[in-house]
Amino acid sequence: MKGITKSFYGIRANDEVNFEVRPGEIHTLLGENGAGKSTLMNILCGLYTPERGTIKINGEKCFFKSPKDAINAGIGMLHQHFMLVPVMTVWENVALGDKELPQVLPKNKVIEQIKELSDVYGLSVNPLAPVWQLSVGEQQRVAIVKLLYRRAKVLILDEPTAVLTPQEARHLFRVIKKMAEEGHGIVFISHKLDEVLEISDRITVLRKGRNVGTVAKEEASKEKLAEMMIGKRVAFAIDKPIQNPGKEVLNVKNIKVLGDRGRLKVNGISFSLRQREILGIAGVSGNGQEELAEALTGLRKPISGKVFVDGDDVTTGNPRDFMKRRVSYIPADRKGTGLIANMNLRENIALRKYWKSEYTRFGFFINWERIAGHTGKLVERFSVANPSLSYPVRLLSGGNMQKLMLARELSDNPRVIVAVQPTWGLDIGATHYVREVLVSQKEKGSGILLITDDLEEILALSDRIAVIHGGEIVGIVDNPDKVTEEELGLMMAGTKLEKYPVYDLKEDELE
Amino acid sequence: MEVLISILAAAVRSGTPILYATLGEILTERAGVLNLGLEGLMLMGALSGFWVAYSTSSVTFALVAAFLVGAAIALIHAFLCVHLGANQVVSGLAITMCGTGASSLLGRGLVGETIKGIGVLPIPVLSKIPIIGPVLFNHDPLVYLSYVLVIGMSWFLYSTKAGLNLRAVGEAPGAVDAVGLDPVKLRYLYTVIGGGLAAIGGAYLSLVYTKMWGEHMTAGRGWIAVALVIFAIWHPARAALGAYLFGGVGALQLRMQAAGTSIPAPLLLMLPYLLTILVLLGISIKKGKGILLGAPSALGVPYQREERT
Ligand SMILES: Nc1ncnc2c1ncn2[C@@H]1O[C@H](COP(=O)(O)OP(=O)(O)O)[C@@H](O)[C@H]1O
Ligand SMILES: [Mg+2]
C-alpha cells in the first residue's frame, strides 16, 4: 500500500500512509484509538475507497471496488466488530458468501470442513450453535475459522485481543503464529505494547493518520514504541490515594436480571459499595455487566433481589428515582444511551435537570438561560472543546462527548457513579483525563462502580475488584496491588481461585 | 359438514390474494426493505391484469403484465430506499396513495366490463379425496401456484445459498458486504420480486374472484398482508395459515350476511380488520421471548457502505 489517503468529513483518517506485509510475517499496526488503523485496513479489504494511493499484491497493481475484489485477491479481515449474522448458526455464517458452494447448501460438508479447521488450529466452535448465543471469544473463533475457510492468504486481525482474557489472548497468539508459519501474511492491529512486542516480526506505528515509521522487533522497545505512538514522552500514571471508605451508599442483594432476549444475564449478584471507594467489576464483556449496570440505574428491573441506595430500597424505581437519589450513570453506549446525538450541548446537559424547579419557569417551561449558564460553566470546568453550545453532540469527538457526559453526570456531586467502559475508544489524553476525574470525584465522597473489560484500567483505579463471569461474581480481590493479570484472567474465564473468595452477604452485613 | 367444507374452500380462495401479497412482502422484508405500498401495488396489479385480460383475452399475458407492473413500481421504491436511502415508510405510503389514485383514474373506462377470467380446474385424483379434495384441490391454477410458492419459498429460504444470502442481507447488510456479496443488488432484486407478487395478488381479485374491475376493490387487503407478515414471523408457511384464517373470517362474514343474521352488516365487515388488531396484539405480547420472534434486524435501515452505524 502506497500513499493511501482517506478523509471523513474533512478529517484525514489516513494521510499518505505506506504499508506492506510479506508472506509468513506478522506485521503489527500499532497506534492509539483513532489513529486510523481500522480505516487503513478497511481500505485494504475493499470496504472503504481511498481518495489517493495504490495497492499492489505480489507486485501487481490492484484496484478494489468492493470487498469481493479484495477477497479474490486473497485478503481476509477479522473486523473489530466481527460482522457475523447473529440469528444464524455458525455453519451458515461460515458458508455465507462462499461462491464455490452449490445452490443447494451442502450443510454436512460445510460442517465437516469447519470441524477440520477447528481441529487443525485448535479453534473449538460448535457449527450448529446460533451465533447470538456465543460468548465474544467464541464469536471471534467463528470469524477466524471463516477466514481460514475462505483460504485468505493475507489475514488482517483488527484488535483481536481487546475482547479476550489474557489466557484466551495467549491461545490466539499460538494460532496466529501457526498461521504465519504456514505462509500467511498477518496484519495484527493493537494498541497494547506488551503484546505487540511479544508477537510481531515488524511493527508499523500510525499516529493521527500518518505513518510514523516501521521498526523490526529487534530494534523495538516499549519506550520507543510508546514515544512513536504518542509523539512525546509521557508518564501517565494515576496516583490512587488511599482513602478510608465512608458509609455504605449502594447495597445490592442477590439480584437476578434478565437480558434482552429473556435469558438470565445476572444470576444472583450481591455487593456493597461505600463512599470514597472505587469497586471495579472486571470481566469479559457480555457476561452480564450491561444488565447489572442497567439494574442499578433503573433502566431494567431485576426479577428478584434488592437494590438499596443510601439505605432506601429502590429496586423497582425508574431512572428518575435513581437520579433523584443522585445515582449517576456513564453508559458504555455514549451516543445511544448517554447522550442524544442529534441534540446540542445545552439540551444534553438539560436532560438531567429540566424537571427541577430552578431550571423551569412556572414549573412548566424550561428556563434555557439558566441551563445555558450551567452548561457554559460545566463545559469550561471539564474543558469540553466545542464550537458552540448549540452544536449537535454527534459532531464532537469521542473524548469531548465523554467529557460532556461526565460533566452532566458529576455535576450534582453524586452519591453513586455507575461507569461502564468509561474510556473505551478514547485516545490517551482523554483516557487520562477521564480517569483523573473519576478519582477526584471519589475523593469528594462518591462511591464508584467501575465496570470495564480493560484490566489495566481496573488495576489502576480500583480499591477493590470483583470479577464477573456468566452473571455471577467469581472472586473478590481486596488488594488490587497484589493480584496479577493472570489471576484476573483465570477468574474472568470462570475459574474460582481460593485466594479470592466471594465473601458472602452475612459477613458484609456484620460490619 | 357441507357448509363447513364450503366455508373452508372459500377461505382458501379468498385467502389467496392476501397470501400472494404476504409472500411478496416477506421476500422484501427479509431483504431488509419495508414496503408499505402493498395496497397500491395490489390495486395496480388488479387493474393491469384486468385490462390486459379484457383486451387480449389471454390470462397468461394478464398475469405477466400484472407482475411486471408491480415489479416496475417496486423498482421505484427500491431506487428511493435502497439507492438513495430515503425513508421507507414515506415511500411505501406514497406508493399506496398513488396506486389507489392512478388505478381509479386509469380504470374508469373499465368499470362495469366483465371478462372470462380464470376458472376452476379440479386436480384429477386429488380433488376426489374427501374433505381435503374439495377444500384444497378444487380451485383455480393460481391457488395451486400459491401452494408451490409457499413450499418452494420455505425451502428456498432455509436450504439454498441464495436463500442464505437473502436472510443475511436483512439481518446484517454489513456482514454481507464484507464477504463480497452486494447488499444493494440483493435488496433491489427482492424488492422488485416482492412487488410483482403483490400485484399478482391484486390480479387474482380481478381475474378470478370478481372477474370485474372496481375502484378500491382490494378493500384493505394490502394492509392486512402487511400485518400478516408479522403474524407469520416472516415465514411462508405461517403466512399461508394466516391468509386462510383471514380468508375464512371473510367467507364466514359473507355467509352470515346471506343467512340474514341480526348482527349489523358493518360490524361483520369489520371482522377481518378486528382480527388484524387482535393478531398484532397477540404477537406483540409474545414478543421478546426470543430473537427468532423478531423482525429481520436491519428491516427499514438503509445500508451505506462507509456510513457509521
Ligand atoms: N465510517 C466513518 N465515518 C466517519 N468517521 C470515521 C469513520 N471511520 C473512521 N472514522 C474516523 O477516522 C479516524 C480514524 O478511525 P479508525 O481508523 O477507526 O481508528 P483506529 O482503528 O486506529 O482506532 C477517527 O477520527 C474516526 O472517527
Ligand atoms: Mg480500530
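Select K222(A), which is partly exposed at 37% relative accessibility. This is a predicted model, and every stop below should be read with that in mind. K222(A) forms a salt bridge with D194(A), and the closest N and O atoms are 3.1 Å apart. Show both helices: D194(A) belongs to α7 (residues 193-199) of chain A and K222(A) to α8 (residues 222-230) of chain A, so that the bridge links parts of the chain 28 residues apart.

**A second bridge in chain A**

Move to D260(A) and R300(A), whose side chains meet in a salt bridge with an N to O distance of 2.8 Å. D260(A) is in the loop between β11 (248-258) and β12 (264-274) of chain A, while R300(A) is in the loop between α9 (289-295) and β14 (304-309) of chain A. The two residues are 40 apart in sequence. Colour them by accessibility: D260(A) is exposed, with a relative accessible area of 64%, whereas R300(A) is buried, with 16%.

**Between the chains**

Next, select K6(A) and E306(B). They form a salt bridge, with the closest N and O atoms 2.5 Å apart. K6(A) sits in strand β1 (residues 2-8) of chain A and E306(B) in the segment after α12 (265-286) of chain B, so this pair joins two chains. K6(A) is buried, with a relative accessible area of 6%; E306(B) is partly exposed, with 25%.

For a network of salt bridges, select R352(A), K356(A), R408(A), E409(A) and D412(A), which are linked in this way. Over all chains, the count of salt bridges comes to 30.

**The magnesium ion**

Centre on ligand 2, a magnesium ion. S38(A), through OG, and Q80(A), through OE1, coordinate the ion at 2.0 to 2.5 Å. S38(A) is in helix α1 (residues 37-44) of chain A and Q80(A) in the loop between β6 (75-78) and α3 (90-95) of chain A, so the pair ties together parts 42 residues apart in sequence. Both count as partly exposed: S38(A) at 22% relative accessibility and Q80(A) at 32%.

**Two buried loop residues in chain A**

Select F19(A), in the loop between β2 (11-17) and β3 (26-30) of chain A. F19(A) counts as buried, at 5% relative accessibility. Leaving aside neighbours within four places in sequence, display its contacts: M1(A), H27(A), L29(A), L40(A), M41(A), V187(A) and T204(A). For a distance check, pick H184(A): its C-alpha is 16 Å from that of F19(A), with their positions 165 residues apart in sequence.

Then go to R415(A), in the loop between α14 (398-410) and β19 (416-420) of chain A. R415(A) also counts as buried, at 17% relative accessibility. Beyond neighbours within four places in sequence, R415(A) is in contact with K247(A), V249(A), Q275(A), D310(A), R325(A), R326(A), S446(A) and G447(A).

**Cysteines**

How many disulfides does a search of the whole structure find? It finds zero over all chains. Select C45(A) to see one case: the closest cysteine sulfur, in C62(A), is 14 Å from that of C45(A), too far for a bond. C45(A) is buried, at 7% relative accessibility. In chain B, C81(B) is likewise in no disulfide, and the nearest cysteine sulfur, that of C98(B), is 13 Å away. C81(B) is buried, at 1% relative accessibility.

**A covered helix in chain B**

Select residues 221-231 of chain B, which make up helix α10. Is this helix mostly covered or mostly open? It is mostly covered, with nine of its 11 residues buried. Those buried residues are R221(B), G222(B), I224(B), A225(B), V226(B), A227(B), L228(B), V229(B) and F231(B). After the helix, click on I233(B), whose phi is positive, near 45°.

**A nonpolar surface patch**

To finish, turn on the surface of chain B and select M1(B), L4(B), L8(B), L126(B), I129(B), I131(B) and I132(B). These residues form a nonpolar patch with about 610 Å² of accessible area together. One of them, L126(B), lies in the loop between α4 (88-106) and α5 (132-136) of chain B. L126(B) counts as partly exposed, at 36% relative accessibility.

Methods
Residues numbered from 1 in each chain as written. Chains lettered and ligands numbered in written order. Predicted model: local features only at pLDDT ≥ 70, side-chain atom pairs only at ≥ 80, totals over all residues. Heavy atoms only, no water. Patch = residues over 30% accessible without salt bridge, like charges linked within 9 Å, V, L, I, M, F, W, Y side chains within 5 Å. Areas by Shrake-Rupley, 256 points an atom, 1.4 Å probe, with all protein chains shown as cover. Salt bridge = Lys/Arg side-chain N within 4 Å of Asp/Glu carboxyl O. Helix = DSSP H or I, 4+ residues; strand = E, 2+ residues; numbered from the N terminus. Buried < 20%, exposed > 50% of the residue type's maximum accessible area, 1.4 Å probe, protein only. Contact = heavy atoms within 4.5 Å. Donors = N, O, S within 2.8 Å, 3.2 Å for Na, K, Ca; no water. Disulfide = S-S within 2.5 Å.
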